[in-house]
Amino acid sequence: MSAFNAIGEDREIDRDEFTPEIEPQATWCPGCGDFGVLKALKQAMPQVGRTPEETLLVTGIGCSGKLSSYFRSYGFHSIHGRSLPVARAAKMANPDLEVIAAGGDGDGYGIGGNHFMHTARENHDMTYIVFDNEIFGLTKGQTSPTSPKGHKSKTQPHGSAKSPIRPLSLGLTSGASYVARTAAVNPNQAKEILTEAMEHDGFAHVDFLTQCPTWNKDAKQYVPYIDIQDSDDYDFDIHDRREASEMMHEAEDALYEGEVLTGRFYVDEDRPSYQAEKQATGDMPEEPLAERYFDDDYEWERSYDLLDRHK
Amino acid sequence: MTDDELIWRIAGGSGDGIDSTSQNFAKALMRSGLNVFTHRHYPSRIRGGHTYVEIRASDEEVKSRGDGYNFLLALGDSFARNPQEEAYYGNEEIKPLSENLDELREGGVIIYDKGLLDASEIENFDERVEENDWHVYDLDLRGLAKEYGREVMRNTAGVGATAALLDLDLDPIEDLMDDAMSGDVLEANLTILHDAYDSLKEDYEFTHDLRAPEGTNDEEQVFVSGSHGIAYGALDEGCRFISGYPMTPWTDVYTLMTQNLSEFGGISEQVEDEIAAASLAIGASHAGAKAMSGSSGGGFALMSEPLGLAEITETPIVLVEAMRAGPSTGMPTKPEQGDLEHVLYTSQGDSNRVVFAPGDPAECYRQTRKAFELAYDYQIPAIVLYDQKLSGGHQTIPESVFDEEPNPDLGSVVSEQDLEEAAKEAGRFKRYVYDGEGGVSPRSLPGQKGGNFLASGNEHNEVGHISEDPDNRVTQMNRRLAKLDSISEDLAENADHQAVHGPEDADYGILSFGSTKGVAEEAVDRLNEEGHSVKSMNVSDIMPFAKDEVTEFLESVDEALVIEMNATAQFRRHIQGQLGRFGEKLYSLLKYDGNPFEPAEVVSGFEVRLEGGADVTDHNVRIESATGD
């Protein structure tokens, strides 16, 4: 018998279940793209068939990190850049949970870049949503890792000399097995992509374009957007790493030229998840570790039985 | 110091197999009924560089390294760099014979490998031998090893020669070799062992008096290090998740856990950095596993922010910190106790954590268990602070220390039934209630029905929502900090972590923490034998601090010498900070040269201080006067 009876309930799920009992007034500005992420996620959950109490949403710091405050589930609002290591360990301790991590572009591609690279490399079965608004919002408008070259701000008064990070390419080279970009202004596609990302058995990286009307007024509102799957102008195989890589490169460049290319860029359904890899080598138990502590019949091993090697 | 003790030093280069050879020899001495303590000295290099292990063996209890040594097996550094003219590292090849040679006691024995070393390269070697009544046996260990096997087996030849000179039975040594190797390698080693043994017995005239002491142990002993104590304590508390990044000397615990977790159906993760390592432990614990992480000073610095996250989200974790000489990369393989304040206060905001500093392998075991128990009962980070000396130094302890029942209890976690009742009573589950008993508010686990909540690094209200309300802030801060008071009471009732040694009514005291326990106690024994009146207390409850016990100890003595392996008297400052008094009574004896204290250094430090002196000549230790309050 499981100690976690919220997991695997077979019932209808309503998107309203993901609205907190007492809904805190959002700290997001009117017109903020972050509302689009919240809405798309609430819509995707019933599609995936997971309930609030079998879902763990781990967020970083920034406007994006407040997602866990406005989304009802088990939530963990962690520290700047560290949502991924918290999330992936929770997934390993209890793989039956639906685990989602979320943060901003500074959080994920800047301070937490190392974790992004390694979590993608390990291919944990989880979804990572990066709120990409090309700016640091909560600290009032500093240049971020995805700000365009030449971006002027109080911390880069003469314009940034750095080329922006290529988030999709970084996800691909690091090992993410699902890479997509969507935009707050495209709610239907966002819902579909988040649904696919959660259903994907591996690390799904979603670069989510979230316009910042307060601190990034100069930037586009990410309209008009083009869905590369729907457009006849882009023909490439999302299962082919090389073709995907070229498409990503083009989309990353196009963004700074005013062309918003969204959609699925890479999907690898054959790559085993980290859990599967570890279980195959005997480095991870078949039964969720978290269940063991509630199993009264489990015979806990003792160090006393290891002492022969010390005699 | 016991009259009848062997301090056998095997010296060579890194990569010469010193470690494994000494382990087996130490176990052979243990099997012959002796108490054994080892001290390992090694450079931060893979191949080459003077390294040695001292094995101190006696029928009496041995708690520390000894003063110097009385038997030297000098293999020479076969991986030495070629000395250039005026190379700053000198001639490395000869160092295993020449370095610290003056610490060899009068009447001591030297075996050296004349296949590699030429004693005439050492200044006044013959004169010094004569002056100190040393007994020198030169053998071509390398030649012997090459004749029957490979060159690295010359350490086996050295052991054979040692056994011959000390009249040791070869059987236990052979048994241990049989456990460790097989096939041709075993055959070759056995041949070399016997050949060296026979060659000494037949071809050399013995002039020395030193023989192996004889001993008997009342109960079965095990040969373990502090790292084993920590790892086994964690396993017996049901810890089945560890995350880490390699760093000397913490890697010992990390490796031991990893090896055993794969057998015990647990999970070990090697991750990208220590920020991730600590964060993973938090994530695993949050989801319902008993989890730990750890590092040494530099890696622990990266854990600062996750540590604070665990404090404010009240996520139980155990971290271990294996100190080494700092600052920065410092001296990676050398012991020091310089991270005390780092561990106590690192991370922004008021710190709220448990810190234990065990003094020996048995204390490592018991206090790691207690650290887990407190962490999970009180939802607080607990840190086990130790150092390179305790990490790598092995000693014999009774196997019964580990004969304890496992405790996989998750502590203050609610069940789904509790959650159902909470829903009936209050409408919903409140994760962070104001009035939790002893400051503890029971937690739910993701996946439990009716338990969803937000854990946040931001200040939060009872249900977990971010809140900057002033009254809520004060209430939550006070509740979290109150957990340390509850833990203080828990420790006073259920634990006995401070080790007091020596006559109760002594006039003087020696205070230490962590791994200096053994050397302090041995110094106390010697000082009392010499007619002084002194006792020691080793403090393990660093936070919450053992206020009552230390106060009582300090009230009972005229003056106390605080010994610690750092340069700025951090532990003394901690005592004064915690107690707010005794400033006029506390003198310091500090050592920070990369080597642990020898008992003689504590003895002379004490005596010099007693006579009002400020300088301890001949030793790399420093006295610092009392400062007043």
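## A tour of chains A and B

Start with Ile510(B), which stands opposite Leu561(B) in β20(B). The model is a predicted one, in which local features need pLDDT of at least 70, side-chain atom pairs count only at pLDDT 80 or more, and totals for chains, interfaces and linings use all residues. Residues are numbered from 1 along each chain as its sequence is written, and chains are lettered from A and ligands numbered from 1 in the order in which they are written.

**First stop: the sheet around β20(B)**

Select residues 508-513 and 559-564 of chain B: these are strands β17 and β20, joined in the parallel sense over 4 bridges. Strands (E, at least two residues) and helices (H or I, at least four) are DSSP runs numbered from the N terminus; two strands pair if DSSP finds at least two bridges between them.

Widen the selection to the open sheet of 6 strands, ordered β16-β18-β17-β20-β21-β22 (chain B), with mixed pairing. Its edge strands are β16 (499-501) and β22 (621-624) of chain B, each pairing on one side only. Neighbouring strands here are turned by 20° against each other on average, direction ignored. For such angles, axes are lines fitted to C-alpha atoms, for helices over the stretch in contact, and values run from 0 to 180 degrees between N-to-C directions.

Next, add helix α20 (residues 570-579) of chain B, which lies across β17, β20 and β21 (586-591) of chain B at about 130° to β20(B). Contact between residues means C-beta atoms, placed from the backbone, within 7 Å. Helix α21 (residues 599-610) of chain B lies across β17, β18 (534-539), β20, β21 and β22 of chain B, running at about 35° to β22(B).

**Second stop: the 7-stranded sheet of chain B**

Select the open sheet with the order β9-β8-β10-β11-β13-β12-β19 (chain B), again of mixed pairing. At its edges stand β9 (267-270) and β19 (541-543) of chain B; each has a single partner strand, so one side of each has no neighbour in the sheet. Strand β8 (residues 241-244) of chain B pairs with β9(B) in the parallel sense over 4 bridges, and Ile242(B) stands opposite Ser268(B) there. Helix α14 (residues 361-378) of chain B lies across β11 (317-323), β12 (354-356) and β13 (381-387) of chain B, at about 160° to β13(B).

**Third stop: where the chains touch**

Show both chains: the contact takes 51 residues from chain A and 55 residues from chain B. On the side of chain A, α3(A) gives the most, with 8 residues. For a strand link across the chains, select β2(A) and strand β15 (residues 454-456) of chain B, which run parallel and are joined by 3 bridges. Gly75(A) stands opposite Leu454(B) in β15(B).

**Last stop: β6(A)**

Select residues 203-209 of chain A. 7 of the 7 residues of this strand, β6, are buried, so the strand is largely enclosed by the rest of the structure. A residue is buried if 20 or more other C-beta atoms lie within 10 Å of its own, exposed if 12 or fewer, and partly exposed in between, with C-beta atoms placed from the backbone. Phe203(A), His205(A), Asp207(A) and Leu209(A) lie on one side, and Ala204(A), Val206(A) and Phe208(A) on the other.

Strand β4 (residues 126-132) of chain A runs parallel to β6(A), with 7 bridges; Thr127(A) has Ala204(A) as its bridge partner. Strand β5 (residues 178-183) of chain A is also parallel to β6(A), through 6 bridges, and Ala180(A) is partnered by Val206(A).

Terms used: Contact = placed C-beta atoms within 7 Å.
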